[in-house]
Amino acid sequence: MRFKLVYLIILSLLITTQQNYAQGFENAPDKSQTFKFSDPNRRNQVSFESKAPLEDIFGTSNDITGKVELNLTNLKSIKGEFEISVSSLKTGIDLRDQHIRDENWLDAKKYPTIKLIIKQIKKVDKIEQNKYKIVANVDFSVKGVVKNFDITAEMTYMPESDITKTRFPGDLLVIRSEFNIKLSDYGVKNNIIGQKVAEEILIKANLVGSNKI
Amino acid sequence: MKLSRLRLLLSSIPILIAFFLLIIWGFNGFELFSKNSIAVEQIDPITNQPYYEWKDKFVFGLIDFVLPIILASIIIFLTIYYILKRRFKNEI
């Protein structure tokens with residue numbers, strides 16, 4: 001009787017541990033892989049939104065490069081980095097795009113890219129089959145200033161199929177994320193911040209990478 | 001009598017222009033500044049995620065397009081009105 005109880009406790013502990021550490025895509029190959037996010041057709045996109053009292057600004061960039069190294073069966077192993085070129089930021093007004101690139105704003109000449117480096121994965125939660133929500137600790141750099149904070153992201157694994165081949169050869173990794181940054185944190189100071197440009201900017205990323213590009 | 005009719009006609013033209021421009025501005029989305037292109041939401045067929053494509057389209061802005069035209073038209077018509085008024089007085 002006592003042996004059975006001990007056996008049950010050990011078994012339940014093992015199951016719990018398995019559930020806690022089964023933090024990766026099922027049926028994915030158990031090996032380290034690199035997914036690259038440099039889409040020659042520029043379908044990967046990062047958008048930004050500023051909502052200020054006088055004006056709402058929406059912009060995008062499709063010039064994104066990056067790679068993620070991970071073992072798909074263990075999402076805590078993720079390491080990666082992404083870069084967005086500042087000169088590719090587009091808001092629908094050419095003059096405003098020029099201003100964004102100016103020294104007063106993001107200074108594209110001196111700091112041509114905005115960079116995000118994944119330092120550590122803090123939390124992994126399964127949403128559904130082949131879809132996980134992660135909390136990642138990242139270094140985000142704008143205008144040469146690096147800030148460290150946590151972001152949440154959704155990751156979807158799509159094994160190679162006839163549908164995925166229309167985008168890229170190989171398995172696909174889809175990453176979606178939304179987070180806010182404060183312009184003053186990165187040394188972007190201007191009189192119109194708070195009136196025509198919001199101090200807090202919402203950034204959204206929609207990225208598709210492949211392990212065969 | 002002739003002048004008051006002319007005055008009515010002249011003063012209604014800037015009002016009509018302003019009204020017409022404000023309607024166009026409303027149809028263009030009440031934008032504050034003019035735009036050269038607009039972001040159109042699309043859905044990625046593979047990921048089912050939204051993304052935006054830029055389409056070339058001129059959108060009238062209030063501050064840099066609609067208001068200056070309205071002000072200019074009012075100034076032009078007021079100038080014409082005073083010139084005509086002076087000529088009318090001289091003729092009498």
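The following exercises, each with a worked solution, concern a predicted model of chains A and B.

**Exercise 1. Describe the overall build of chain A, beginning with its secondary structure.**

Solution. Step one is to list the elements: chain A holds 3 helices and 10 strands. Step two is to place them in sequence order, which gives the pattern α-β-β-β-β-β-α-β-β-β-α-β-β. Step three turns to dimensions: the C-alpha trace of chain A spans about 75 × 40 × 25 Å along its principal axes. Step four asks how much of the chain is shielded: of its 213 residues, 46% are buried. Finally, consider contacts in chain A between residues at least 6 apart in sequence: 63% of these join residues at least 24 apart.

**Exercise 2. Determine which residues touch the most other members of the largest nonpolar core, and which elements supply this core.**

Solution. The largest nonpolar core has 50 residues, and A:F140 and A:L173 touch the most other members. Eight strands of chain A each supply at least two residues of this core: β2 (45–51), β4 (64–71), β5 (74–85), β6 (113–128), β7 (131–142), β8 (145–158), β9 (172–182) and β10 (200–210). The greatest contribution is that of β7(A), with 6 residues. A second, separate core has 7 residues, among them B:A18, B:F60, B:V66 and B:I70.

The surroundings of A:F140 may then be examined. Beyond its neighbours within four places in sequence, A:F140 is in contact with residues including A:I114, A:L116, A:V146, A:I181 and A:I203. Its contacts also include A:F149, A:F179 and A:Y186. Ring pairs link these three aromatic residues and A:F140 into a cluster.

**Exercise 3. Establish whether the buried residues of helix α2 of chain A line one face or are spread around the helix, and identify what covers them.**

Solution. Begin with the residues themselves: within α2 (94–101), the buried ones are A:R96, A:D97 and A:I100. Viewed down the axis of α2(A), they fall within an arc of 105°, and therefore line one face of the helix. The general background is that an α-helix has 3.6 residues a turn, so residues three or four places apart point the same way. The cover over the buried residues of α2(A) draws on both chains, including β2 and β3 (56–61) of chain A and β1 (35–43) of chain B.

**Exercise 4. Classify the ring pair formed by A:F25 and A:Y157, and locate its two members.**

Solution. The structure contains 14 aromatic pairs over all chains. In the pair considered here, the ring centres of A:F25 and A:Y157 are 5.5 Å apart and the planes stand at 35°. Since planes under 30 degrees apart would count as stacked and those over 60 as edge-to-face, the pair is tilted. A:F25 belongs to the loop between α1 (2–21) and β1 (32–36) of chain A, and A:Y157 to strand β8 of chain A. With their positions 132 residues apart, the pair links distant parts of the chain. Both residues are buried.

A contact of another kind involves A:R43, whose charged end sits over the ring of A:F168, 5.8 Å from its centre.

**Exercise 5. Characterise the interface between chain A and chain B, then examine A:K90.**

Solution. In terms of residues, 23 of chain A are in contact with 15 of chain B. In terms of area, about 1,600 Å² is buried between the chains, of which carbon and sulfur atoms give 59%. On the chain A side, A:Q45, A:F58 and A:G92 lose the most area to chain B, together 24% of what that side buries.

A:K90 lies in the loop between β5 and α2 of chain A. Leaving out residues up to four places away in sequence, A:K90 touches B:S37 and B:W54 as well as A:F48, A:F58, A:G59, A:T60 and A:D97. Its relative accessibility is 27%, so A:K90 counts as partly exposed.

**Exercise 6. Decide whether A:N130 and B:N48, which have positive phi, are buried or exposed.**

Solution. A:N130 has a phi of about 65° although it is not a glycine, and is found in the loop between β6 and β7 of chain A. At 16% relative accessibility, A:N130 counts as buried. For B:N48, phi is near 60°, and its place is in the loop between β1 and β2 (50–59) of chain B. At 57% relative accessibility, B:N48 counts as exposed.

Definitions and conventions:
Residues numbered from 1 in each chain as written. Chains lettered and ligands numbered in written order. Predicted model: local features only at pLDDT ≥ 70, side-chain atom pairs only at ≥ 80, totals over all residues. Heavy atoms only, no water. Core = buried A, V, L, I, M, F, W, Y, C linked by side-chain atoms within 4.5 Å. Buried < 20%, exposed > 50% of the residue type's maximum accessible area, 1.4 Å probe, protein only. Helix = DSSP H or I, 4+ residues; strand = E, 2+ residues; numbered from the N terminus. Contact = heavy atoms within 4.5 Å. Arc of directions from axis to C-beta. Phe/Tyr/Trp six-rings, centres within 6.5 Å; stacked < 30°, edge-to-face > 60°. Lys NZ or Arg CZ within 6 Å of the ring centre and 35° of its normal. Buried area = accessible area lost by both parts, 1.4 Å probe.
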